[in-house]
Structure formats: structure tokens, C-alpha cells
Amino acid sequence: MFRKLRILLLLFVLATVAVGAWRARVTASEWQRSLIVGIYPVNGDGSTVSNDYLARLDQSRFKPIEEYFAAQARAYGVQELRPVMITLARPLAAPPPLPPHDGNALAAIAWSLQMRYWAWRNDEIPGPRPDIRIFVLFHDPQAHAALGHSVGLEKGMIGLVNAFASRAEDGGNTVVIAHELLHTLGASDKYDPSTLQPHFPSGYADPHQAPVLPQRRAEIMAGRIAISTTEAEIPRSLAATMVGPGTAAEIGWRDN
Ligand SMILES: [Zn+2]
């Protein structure tokens, strides 16, 4: 009896999640209103540096992301003046479940469900319910030279970003957040995962430039600025990136 009830409950949860994800996806692709993006800051390493950083964190720090989406969308003729609206949740006490390391699709789905359940239980955010949730785990840059992978899932419209707890890294953090946010909206990576070099031409901000290398800006889903055929630099802020036509088509800003 209990087993049946449990299965029924699980099916109900799955159905709710599926319908919710579908509805959010439909809305997102139309760009008829602002998409509400909830940012959930978390102390990712339990350090006092991250704690102090979180204590001073406010919504204005994420304004560049809103402005970036507005400017980039306008370039593709999107009418909505504020395509993305960010709301900041209070820092969360405990980190969310971490994503699976391997690329197993089933594990990713299980993680996405776990995350949605976790988000639902921890959802203390001002204003309307977010369409997209991005959990940002902050780490002391002195203790962590490199951070784990960030992820953004289209199914579930959820992202997890590893970021540095430092004002000097705010620009770089916003680049990673915008990149994962675009993944949740259906954008694909535009770089070679083995070399991290941007794909040509889709991963180049200015593929028609002559000479084509070095590039000065990054296509946001390539994540890096191609300097030569073997070198690429990480952009320090959103100002050094743009949304290319390939990404714009994937997220519904232009026709294919
Ligand atoms: Zn990516």
C-alpha cells in the first residue's frame, strides 16, 4: 500500500516537473515578457572569506547580466526591453546536491530532479517565482586556484555555477553565470572540449575580421577569446563577450 502510494507520489512529482519545464521552455522561447532568473548564492567552501563576501552581496552586482541580455537581445530585434530580470535569494546555509561527474544522461536527469526538489524546499526568494534558478557556489580564490565545472540544464531550467568570492572576480563570475543561463535556454557550447579552443566560425565574436586572429571578444558560448589557433583567453567581463548568431538562433532571438 505504502509502496504504491510512494510510486504514485513520485509519478505525480515527475509529471509536475515535466509540465513545469515544458511551460517554462515555451515561455522562454517567445521572449514576450521578462524571464525571472533567481540567483541563489551559497558558501561553496565554508570559508570565512566566502561568508564575508556573501554578507556584502546585493542584487546590484548582477545588474550587468540584465543589461547584457537587454543589449544583446536588442541587437537581434527582440522587442522585450528587459528580457531577463534577476532576483537574489538570501544566501543558503547548505550547498545543493552536486552534479554527476560523468556525462551520463540518466544521472543528469536524476540530478536535475534532485535539484528541483532541493530548490523547492529552499525557495526563499523575494517576488514572483523564478523561471530559471541559478545556484552560485562561492569559493575563496586564495584557497582554490581552479574551480569545478559549472553546469546549466535546459531540462529543468536550472544551473549550478562555481564562482570566486572576490570583488575582483565579479566580472568573470558574471560571464560564467550568463553562459550557464544561456544553456538553460537551449544554447549549446561552441568550443572544442578537448582543447577548449572556440569553434570557427560559430565560436568567434568577429569571424569576418581580417586577419581573423587574434580575436578581441568572445562569443559567450565559446567562453574564450581565440588568440591564435592554439591559444584562447578567458574574458574578464561580459563587455568582452557577445551573443553570436548561432546562439541567438538556439534561444529564439532569430530564425535559423
Ligand atoms: Zn557550457
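**A five-stranded sheet and a zinc site**

The strands E2-E1-E3-E5-E4, in that order, form an open sheet of five with mixed pairing. Strands here are DSSP runs of E, at least two residues long, and helices are runs of H or I, at least four long, both numbered from the N terminus. Two strands pair if DSSP finds at least two bridges between them. The edges are strand E2 (84-88) and strand E4 (151-153), and each pairs on one side only. On average, neighbouring strands of the sheet are turned by 25° against each other, direction ignored.

This is a predicted model: local features need pLDDT of at least 70, side-chain atom pairs count only at pLDDT 80 or more, and totals for chains, interfaces and linings use all residues. Residues are numbered from 1 along each chain as its sequence is written, and side-chain values use heavy atoms, with hydrogens and water left out.

Now the E4 edge. E4 pairs with strand E5 (residues 158-164) in the antiparallel sense, over three bridges. Leucine 153 stands opposite isoleucine 158 in E5. Helix H4 (residues 105-121) packs on the sheet and touches strand E3 (132-139), E4 and E5. Contact means heavy atoms within 4.5 Å. The direction of H4 makes about 80° with that of E5. Axes are lines fitted to C-alpha atoms, for helices over the stretch in contact, and angles run from 0 to 180 degrees between N-to-C directions.

Next, the metal. His179 (NE2), His183 (NE2) and Asp189 (OD) coordinate the zinc ion at 2.1 Å. Donors are N, O and S atoms within 2.8 Å of the metal (3.2 Å for Na, K and Ca); water is not among the atoms, so sites may look incomplete. In sequence, the donor residues are spaced H-x3-H-x5-D. Histidine 183 is buried, because its relative accessible area is 12%. Aspartate 189, at 34%, is partly exposed. Buried means under 20% relative accessible area, exposed over 50%, and partly exposed in between (1.4 Å probe, protein chains only).
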